[in-house]
Amino acid sequence: MIRKLIFALGLVAVLVIGARPALAHHGGAAFDQTKQQTVTGTLTRMDFVNPHVVVYVNVQNPDGTTTEWSGWLTAPNKLQRAGWDKHTLNPGDKVTLVGNQQKNGSPVLQIRKVTGPQGDLPTFEQ
């Protein structure tokens, strides 16, 4: 009886520890949820792949230099249900991204809103 109890407790411990990475992945802890950043630039590429669609945008800075920003959207299947496909945004499109920037100051956004050539596009929270 004690062996079964120890086995069961061990199994529960393994399952709990194994689930932690999956739960951590969907948090927004790396992003500053207290303020939003807006960037406008030219789309260089969009990776329409799991686990998140990622867009890359060249943004011209006030001093004339260019910074490449990336923005994370939700999973492709969620965006497809909202009408997106891999050609919704194309290289060369002017886009505006609104989202929460990474806390470390990197030019990376957790996107909340996308405006493309056809106007505002539906997005889903991560």
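Helices and strands are DSSP runs, a helix having at least four residues and a strand at least two, and both are numbered from the N terminus. With that in hand, Asn104 can be placed in the loop between β4 and β5. The model described here is a predicted one.

A walk along the whole chain is a good place to begin. The chain holds two helices and six strands, and from start to end these follow the pattern α-β-β-β-α-β-β-β. Of the 126 residues in the chain, 33% are buried. About 8,000 Å² of the chain is exposed, and carbon and sulfur atoms supply 59% of that area. Among the contacts with a separation of 6 or more, 56% are accounted for by residues 24 or more positions apart.

The next stop is the interior. The largest nonpolar core has 19 residues, and those that touch the most other members are Val55, Leu73, Trp84, Leu89, Leu97 and Val114. Two or more residues of this core come from each of β1 (37-47), β2 (54-60), β4 (94-101) and β5 (108-116).

Strand β2 deserves a closer look. Five of the seven residues in β2 are buried, which leaves this strand mostly covered. On one side of the pairing scheme, β2 runs antiparallel to β1, and five bridges link the two. Within this pair, Met46 stands opposite Val55 of β2; Val55 is also among the core residues that touch the most other members. The connection from β1 to β2 is a hairpin of six residues. Strand β2 also pairs with strand β3 (residues 66-72), again in the antiparallel sense, this time over seven bridges. Here Asn58 has Glu68 of β3 as its bridge partner.

The hairpin of β2 and β3 has five residues between the strands, and among them Gly64 takes a positive phi near 95°. Thr65 is found in this loop between β2 and β3 too. Is Thr65 buried, exposed or partly exposed? Thr65 counts as partly exposed because its relative accessibility is 40%, a value between the limits of 20% and 50%. Leaving aside residues up to four places away in sequence, Thr65 touches Val59 and Gln60. The side chain of Thr65 also makes a polar contact of 2.6 Å with the side chain of Asp63.

Farther along the chain, strand β4 includes Gln101. With a relative accessibility of 19%, Gln101 counts as buried, since buried means under 20%. Which residues does Gln101 touch, not counting residues up to four places away in sequence? They are Ala30, Phe31, Asp32, Gln37, Trp69, Ser106, Pro107, Val108 and Leu109.

Two of these neighbours, Ala30 and Ser106, turn up again around Asn104 in the loop between β4 and β5. Asn104 counts as exposed because its relative accessibility is 59%, and exposed means over 50%. The side chains of Asn104 and Ser106 are joined by a polar contact of 2.7 Å. Although Asn104 and Ala30 lie 74 residues apart along the chain, their C-alpha atoms are separated by 7.9 Å.

Charged side chains complete the picture. How many salt bridges does the count come to? The count comes to three salt bridges. In one of them, the side chains of Lys35 and Asp32 meet at 4.0 Å, N to O. The two partners have contrasting surroundings: Lys35 is exposed, at 56% relative accessibility, whereas Asp32 is buried, at 19%. Asp32 also appears among the residues that Gln101 touches.

Another salt bridge links Asp47 with Arg45, and the closest N and O atoms of this pair are 3.2 Å apart. Asp47 has a relative accessibility of 23% and so is partly exposed; Arg45 is also partly exposed, at 38%. The remaining salt bridge brings together the side chains of Lys113 and Asp120, at 3.7 Å from N to O. Here Lys113 counts as partly exposed because its relative accessibility is 38%, while Asp120, with a relative accessible area of 54%, is exposed.

Technical notes: Residues numbered from 1 in each chain as written. Predicted model: local features only at pLDDT ≥ 70, side-chain atom pairs only at ≥ 80, totals over all residues. Heavy atoms only, no water. Core = buried A, V, L, I, M, F, W, Y, C linked by side-chain atoms within 4.5 Å. Buried < 20%, exposed > 50% of the residue type's maximum accessible area, 1.4 Å probe, protein only. Contact = heavy atoms within 4.5 Å. Pairing = 2+ DSSP bridges. Areas by Shrake-Rupley, 256 points an atom, 1.4 Å probe, with all protein chains shown as cover. Polar contact = N/O pair within 3.5 Å; in protein donor to acceptor, adjacent residues only side chain to side chain.
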